[in-house]
Amino acid sequence: MEVALGGTFDPVHDGHRALFERAFELGDVVVGLTTDELAPETRNVDRHVRSYAEREADLEAELAALADEYDREFEINALDSPTGIAAEEPALEYLVVSPETAPVGDRINDLRAERGLDPLSIEVVDHVLAEDGEIISSTRIVSGEIDEHGRLTPDRSGRKPHSE
């Protein structure tokens with residue numbers, strides 16, 4: 001089985017890891033990583049996104065560990081459109097998405113139908129919540145509210161950060 005997912009992954013956090021784990025449970029994984037041109041268009045806030053090369057290196061390390069654990073293969077492809085190769089690659093069978101990106105899965109399946117391809121099974125993975133009950137997001141991490149695991153930063157919780 002071939003499984004696709006995509007994103008900016010800046011920085012990688014436990015919410016992303018939940019997506020990756022579900023993808024590796026299903027099969028070999030193809031990850032679309034937004035290009036430097038597309039990444040800013042996918043953000044809901046005005047903030048700097050690290051370069052493709054930096055994000056790819058971090059993503060590679062995360063995926064390599066999971067690929068070993070699940071005995072699966074993976075590849076990272078440049079994602080230069082919101083639908084990427086998922087709309088055109090016949091070998092793909094699953095698309096793993098978060099709740100807010102689920103509509104993209106519907107759009108991808110519409111495009112696949114137009115191209116005479118079988119639809120992808122859409123796997124929606126619930127959000128991972130931070131210790132304050134809010135969604136873990138890259139925006140919250142970059143703003144200093146939480147760390148990649150959803151722990152409140154010292155200025156938010158009054159506690160010292162956990163050691164990694």
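**Figure 1. Phe9 and Pro11 in the loop between E1 and H1.** In this predicted model, Phe9 lies in the loop that runs between strand E1 and helix H1. Although Phe9 is not a glycine, its phi is positive, at about 50 degrees. Phe9 counts as buried because its relative accessible area is 3%, which is under the 20% cut-off for that term. The loop between E1 and H1 also holds Pro11, and the peptide bond that joins Asp10 and Pro11 is cis, with an omega of about -5 degrees.

**Figure 2. Strand E1 and its two parallel partners.** Strand E1, which covers residues 2–7, runs parallel to strand E2, residues 28–34, and the two are joined by 6 bridges. E1 also pairs in the parallel sense with strand E4, residues 92–97, in this case over 3 bridges. A close-up of Ala4 shows both pairings: Ala4 stands opposite Val30 in E2, while its bridge partner in E4 is Leu95. Together with helix H1, residues 14–26, strands E1 and E2 make a β-α-β unit that is right-handed.

**Figure 3. The largest nonpolar core.** In soluble globular proteins, nonpolar side chains tend to be buried together. The largest nonpolar core of this model has 22 residues, and those with the most contacts inside it are Leu5, Phe9, Phe20, Val31, Leu59, Leu63 and Val96. The elements that give two or more residues to this core are E1, H1, E2, helix H3 (52–70) and E4, and the largest share, 6 residues, comes from H1. Phe9, which was shown above in the loop between E1 and H1, is thus also one of the residues with the most contacts inside this core.

**Figure 4. Leu63 and the second core.** When its neighbours within four places in sequence are left aside, Leu63 is in contact with Phe20, Phe24, Val31, Phe74 and Ile76. A second core, separate from the largest one, has 11 residues, and among them are Ala4, Ala87, Leu92 and Ile108. Ala4 therefore appears in two of these views, since it is a member of the second core by the definition of a nonpolar core and also stands opposite Val30 in E2.

**Figure 5. Asp71 and Asp110, two acidic residues in contrasting settings.** Asp71 is found in the loop between helix H3 and strand E3 (74–79), and its phi is positive, at about 55 degrees, although it is not a glycine. Asp71 counts as exposed because its relative accessibility is 71%. Asp110, by contrast, is found in helix H4, which covers residues 102–114, and with a relative accessibility of 45% it counts as partly exposed. Along the chain, Asp110 and Ala87 are 23 residues apart, and their C-alpha atoms are separated by 8.3 Å.

**Figure 6. The largest pocket and its lining.** The largest pocket has a volume of about 1200 Å³. Its lining is made up of 49 residues, and those that lie nearest its centre are Gly6, Gly7, Ser98, Glu100 and Thr101. Two or more residues of the lining come from each of E1, H1, E2, helix H2 (39–42), E3, E4, H4 and helix H5 (138–142). Strand E1, which pairs with E4 over 3 bridges, is thus also one of the elements that line this pocket.

Terms used: Residues are numbered from 1 along each chain as its sequence is written. This is a predicted model: local features need pLDDT of at least 70, side-chain atom pairs count only at pLDDT 80 or more; totals for chains, interfaces and linings use all residues. Side-chain values use heavy atoms; hydrogens and water are left out. Two strands pair if DSSP finds at least two bridges between them. Helices (H or I, at least four residues) and strands (E, at least two) are DSSP runs, numbered from the N terminus. A crossover is right-handed if, with the strands pointing away from the viewer, the path from the first strand over the helix to the second runs clockwise. A nonpolar core is a set of buried Ala, Val, Leu, Ile, Met, Phe, Trp, Tyr and Cys residues joined through side-chain atoms within 4.5 Å. Buried means under 20% relative accessible area, exposed over 50%, partly exposed in between (1.4 Å probe, protein chains only). Contact means heavy atoms within 4.5 Å. On a 1 Å grid over the protein atoms alone, a cavity is a set of points where a 1.4 Å probe fits but cannot get out, and a pocket is an open set with protein on both sides within 12 Å along at least five of seven lines; lining residues have an atom within 4 Å of a point. Grid points are joined across faces, edges and corners, and a volume is the space filled by probe spheres set on the points.
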